[in-house]
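Student: I should like to discuss how the descriptive terms applied to a model follow from their definitions. May we proceed element by element?

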Amino acid sequence: MRHAALLAASLMASSQARALEIVFTDVGPAGGVSALSPQALAGFEAAATLWESLLLDPVVLRVNVATYDFGAGNTNVIGFADSASYFGDYTELRGAMFADASSSTDAAVLATLPAGPTFVRRINLVTDLAAPATPTLSVSSQFSINGGNAKALGMIAGDNADPDALIAFNSAFAFDYDRANGIAANQMDFIGVAAHEIGHALGFISVVDLIDGGGQTTASALSTPLDFLRRSEASLALGVHDVSIDNQMRFLALGQLGILMSTGVTNGDGDQASHFVDNVGLGMMDPTANFGELRQFTGYDLAVMDAIGWDLSPQALQIAAGAMAAVPEPSAYGLGLGGLALALAVRRRRAR
Ligand SMILES: [Zn+2]
């Protein structure tokens with residue numbers, strides 16, 4: 001009996017081993033940026049621990065962190081994540097995703113990736129974003145990926161020394177750094193918001209926001225791994241992904257299931273496209289946060305991370321599978337669900 005007990009303890013320790021390591025560098029106070037408080041640094045570490053318990057890839061994610069006054073035009077922005085970007089030929093991405101595949105979700109994604117050096121996507125080929133043209137089909141041969149996602153897929157070294165992302169917090173907000181007793185009614189969940197921003201640094205980003213923000217012409221706007229999952233009803237029927245901008249339904253296609261997505265600040269539903277649709281409780285990657293709200297992971301967050309190239313811990317795989325089994329097909333939501341009937345709380349964004 002003693003031996004059995006020891007074995008169980010040993011297995012438990014083994015399953016809790018962390019392969020992902022997230023390291024932070026406080027880049028303040030240079031350039032008008034103030035140094036992080038000890039509570040904020042501890043909050044980042046706590047958010048890192050949440051992710052490190054869920055993802056197994058042997059990756060050192062390097063995140064610069066800062067806090068500063070975002071200014072009068074951004075009083076509703078709690079924080080942002082700005083990722084280092086890489087790009088390459090689509091064949092490299094497809095090859096890396098095949099080499100990295102380990103789950104049934106991975107298999108479902110691979111089945112949607114066209115063979116050959118090019119792919120077709122649905123996109124608005126316009127430069128005048130005040131009046132986006134009808135989406136059309138366009139052939140592309142390249143992709144973009146951020147540092148965290150590239151490390152997960154083995155496309156750059158897992159311990160590559162360059163910073164993968166900058167995460168900054170708005171110093172104008174009052175934050176609650178202790179989740180153990182809930183989040184105070186007039187404060188924001190620092191650890192939850194940090195975990196959200198780390199989610200972007202891990203690869204939860206869409207090129208749609210770059211197009212929508214006018215930061216890139218559509219010709220140079222390269223799809224991310226997340227974008228290869230992105231569908232509209234029209235693109236689903238055509239078997240291609242969709243990075244066009246309008247206020248129609250968008251979702252991530254994972255096998256037979258879909259997870260509703262936001263569609264853009266300027267030309268979409270008002271929230272950045274690098275998020276789930278708001279106010280449906282889809283998870284950590286929802287676009288907004290409320291005062292007093294404790295941010296929680298769901299299986300949707302984890303299933304998406306699995307799909308873009310991360311390897312989930314056994315526990316995370318189980319959570320993801322449970323959530324996926326409960327996701328209605330996109331059409332079941334109807335087109336109205338992504339609307340703004342519910343009041344938006346403070347908007348959180350991902351900056352370029
Ligand atoms: Zn975000």
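Tutor: Let us begin with a backbone angle: Gly-203, just after α6, takes a positive phi of about 125 degrees. The model is predicted: local features need pLDDT of at least 70, side-chain atom pairs count only at pLDDT 80 or more, and totals for chains, interfaces and linings use all residues. Residues are numbered from 1 along each chain as its sequence is written.

Student: What makes α6 a helix "largely enclosed by the rest of the structure"?

Tutor: Helices (H or I, at least four residues) and strands (E, at least two) are DSSP runs, numbered from the N terminus. A residue is buried if 20 or more other C-beta atoms, placed from the backbone, lie within 10 Å of its own, exposed if 12 or fewer, and partly exposed in between. In α6, 12 of the 12 residues are buried, so the helix is called largely enclosed. Among them are Phe-190, His-196, Glu-197 and His-200.

Student: How do you know that the length of α6 agrees with what is expected?

Tutor: The expected span is 1.5 Å times one less than the number of residues. For the 12 residues of α6 (residues 190–201) this gives 16 Å, and the end C-alpha atoms are 16 Å apart, which agrees.

Student: Why are β1 and β3 said to stand at the edges?

Tutor: Two strands pair if DSSP finds at least two bridges between them. The open sheet has four strands in the order β1-β2-β8-β3, with mixed pairing. Each of β1 and β3 (79–83) has a single partner strand, so one side of each is left without a neighbour in the sheet. On average, neighbouring strands of this sheet are turned by 25 degrees against each other, direction ignored.

Student: What makes the pairing of this sheet mixed?

Tutor: Strands β1 (residues 21–26) and β2 (residues 60–68) are parallel over six bridges, with Glu-21 partnered by Val-60. β2 and β8 (residues 165–170) are also joined in parallel, by six bridges, and Ala-66 stands opposite Ala-168 there. β3 and β8, however, run antiparallel and share five bridges; Asp-82 stands opposite Leu-166 in that pair.

Student: Which helices pack on the sheet, and at what angles?

Tutor: Contact requires C-beta atoms, placed from the backbone, within 7 Å. Axes are lines fitted to C-alpha atoms, for helices over the stretch in contact, and angles run from 0 to 180 degrees between N-to-C directions. Helix α2 (residues 38–52) touches β1, β2 and β8, and its direction makes about 160 degrees with that of β1. α6 touches β1, β2, β3 and β8, its direction making about 20 degrees with that of β3.

Student: How do you know that the buried residues of α3 line one face?

Tutor: The buried residues of α3 (residues 90–100) are Tyr-90, Leu-93 and Met-97. Seen down the axis, they fall within an arc of 60 degrees, so they line one face of the helix; the arc is that of the directions from the helix axis to the C-beta atoms. Phe-98 and Ala-99, on the other side, are exposed. The buried residues pack against β4 (85–89), α4, β5 and β7 (142–146).

Student: Is Thr-112 buried, partly exposed or exposed, and what makes it so?

Tutor: Thr-112 has 15 C-beta neighbours inside 10 Å, and therefore counts as partly exposed. Thr-112 lies in the loop between α4 (104–110) and β5.

Notes: Two residues are in contact if their C-beta atoms, placed from the backbone, lie within 7 Å.
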